[in-house]
Amino acid sequence: MHPETLLSAVVELPPGRRVATDEGDGGPGPLWLSDGPAPFGAWGPIRAAHARTGLWPLLLEPLAGDTGFRPWASGELFLGTSGPADHDPAAVLARWWEDCVSVDEDEDPLSAGERLAVTAPYGAAWPGLAPGRTPVEDPDRLANEHAEVLLSFGTDARLGLVEAGSGAEALAASGWSGPANHADTARIAAVVADWERRFGARVFAVGFDTLRLSVAAPPATLEEALPVAAEHFAFCPDNVWQGHVDDLVAYAGHLVGSDVWTFWWD
């Protein structure tokens with residue numbers, strides 16, 4: 001990967017380097033990382049040139065309060081043994097849902113009733129995947145807008161470049177291992193790839209344990225949002241458990257019309 005050459009006609013890249021992974025032999029790894037903050041106005045043109053270059057841009061955010069720009073600059077990147085295409089997103093979410101609603105009577109601080117109240121109106125029953133929707137605006141243009149909005153807030157995000165077919169695939173290809181409770185990032189990527197298809201989602205920013213998606217086809221009503229909320233709960237239960245909401249109905253209310261989905265794993 002020679003991003004400076006591939007993108008020379010598109011944008012002038014800031015200084016950067018290939019990051020070696022912890023698990024490798026010290027050679028160049030799968031991620032190119034800028035040495036300083038991502039330049040304003042670069043994300044969109046780089047993404048638009050993806051079909052020619054094969055490079056997917058990510059705005060990479062560090063662990064909060066960390067001065068070493070972990071995990072990106074520190075090389076805490078681990079390539080999995082599988083790829084997104086190896087996993088059925090419906091089966092992945094169903095399994096994670098089952099894990100989230102199960103009760104360990106010896107260690108769980110919540111009773112069975114309290115835990116299942118959180119997932120009302122579904123209780124323990126996995127509702128299945130939510131129907132997809134037609135985007136209300138161009139998914140790629142929306143992703144560009146949100147990437148630039150994030151940079152306009154003065155974030156210290158750096159620019160990352162990964163050889164990948166999409167933003168979802170870039171999550172696995174970069175070696176990101178953010179959600180520690182999910183051992184294989186390829187499963188995360190498989191679900192995100194399905195959201196790309198069903199909801200016009202696009203990955204635009206990734207942190208140590210966070211993920212930001214633009215969403216061009218968000219649910220328009222609470223009825224549509226409820227099964228989406230169930231998917232979010234299976235995917236990232238901390239969004240609900242740590243999100244200052246009582247149950248999926250309350251969480252779903254925040255998803256109606258929302259064109260950004262943010263996930264954080266505590």
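Here is a guided walk through the structure shown above, from its sheet to its helices and then to a few single residues. Keep in mind that this is a predicted model.

Let us begin with the sheet. Seven strands form an open sheet, and their order across it is β1-β2-β4-β3-β5-β6-β7, with mixed pairing. Two strands sit at the edges, β1 (16-19) and β7 (260-264), and each of these pairs on one side only. If you compare neighbouring strands of this sheet, they are turned by 30 degrees against each other on average, with direction ignored.

Now look at β4, whose residues are 158-163. Strand β2 (residues 31-37) runs antiparallel to β4, and four bridges join the two. To find this pairing in the viewer, look for Trp 32, which stands opposite Leu 161 in β4. Strand β3 also pairs with β4 in the antiparallel sense, this time over six bridges. Here you can pick out Leu 59, whose bridge partner in β4 is Leu 159. Is β4 mostly covered or mostly open? Five of the six residues of β4 are buried, so the strand is mostly covered.

Next comes a helix that meets the sheet. Helix α8 (residues 185-199) lies across β5 (201-206), β6 (210-215) and β7, and runs at about 135 degrees to β5. You can check the length of α8 with a little arithmetic: at 1.5 Å a residue, its 15 residues should span 21 Å, and the end C-alpha atoms are 20 Å apart, which agrees. How many of the 15 residues of α8 are buried? The number is 13, so α8 is largely enclosed by the rest of the structure. Just after α8 comes Gly 200, with a positive phi near 60 degrees.

Two other helices are worth a visit together. Helix α4 packs against helix α9 (residues 222-235) at an angle of about 75 degrees, and their axes are 8 Å apart. An angle from 65 to 115 degrees counts as roughly perpendicular, and α4 and α9 are therefore roughly perpendicular to each other. On the α4 side of the contact are Leu 93, Trp 96, Trp 97, Cys 100 and Val 101, and on the α9 side are Ala 230, Glu 231, Phe 233, Ala 234 and Phe 235. Sorted by kind, the residues of this contact are nine nonpolar, no polar and one charged.

While you are at α4, find Ala 90, which is also in this helix. Ala 90 has a relative accessibility of 26%, so it counts as partly exposed. Setting aside residues up to four places away in sequence, Ala 90 touches Trp 126 and Leu 129. His 244 is 154 residues from Ala 90 in sequence, and their C-alpha atoms are 27 Å apart in space.

The loops have details of their own. Take the loop between β3 (55-60) and α4 (89-101), where Pro 71 is found. The peptide bond from Arg 70 to Pro 71 is cis, with omega near 0 degrees. Phe 69 lies in this loop between β3 and α4 too. The phi of Phe 69 is near 50 degrees, a positive value in a residue other than glycine. Is Phe 69 buried or exposed? With a relative accessible area of 6%, Phe 69 is buried, because buried means under 20%.

Another cis peptide bond joins Ala 120 and Pro 121, with omega about 10 degrees. Pro 121 lies in the loop between α5 (112-118) and α6 (139-152).

Our last stop is Pro 218, in the loop between β6 and α9. At 8% relative accessibility, Pro 218 counts as buried. Which residues are in contact with Pro 218, leaving aside its neighbours within four places in sequence? They are Arg 133, Leu 255, Gly 257 and Ser 258. Take Ser 258 as a closing example: Pro 218 and Ser 258 are 40 residues apart in sequence, and 6.0 Å apart in space from C-alpha to C-alpha.

Key
Residues are numbered from 1 along each chain as its sequence is written. This is a predicted model: local features need pLDDT of at least 70, side-chain atom pairs count only at pLDDT 80 or more; totals for chains, interfaces and linings use all residues. Side-chain values use heavy atoms; hydrogens and water are left out. Two strands pair if DSSP finds at least two bridges between them. Axes are lines fitted to C-alpha atoms, for helices over the stretch in contact, and angles run from 0 to 180 degrees between N-to-C directions. Contact means heavy atoms within 4.5 Å. Buried means under 20% relative accessible area, exposed over 50%, partly exposed in between (1.4 Å probe, protein chains only). The expected span of a helix is 1.5 Å times one less than its number of residues. Angles under 35 degrees count as roughly parallel, over 145 as roughly antiparallel, 65 to 115 as roughly perpendicular and the rest as oblique. Ala, Val, Leu, Ile, Met, Phe, Trp, Tyr, Cys and Pro count as nonpolar, Asp, Glu, Lys and Arg as charged, and the others, Gly among them, as polar.
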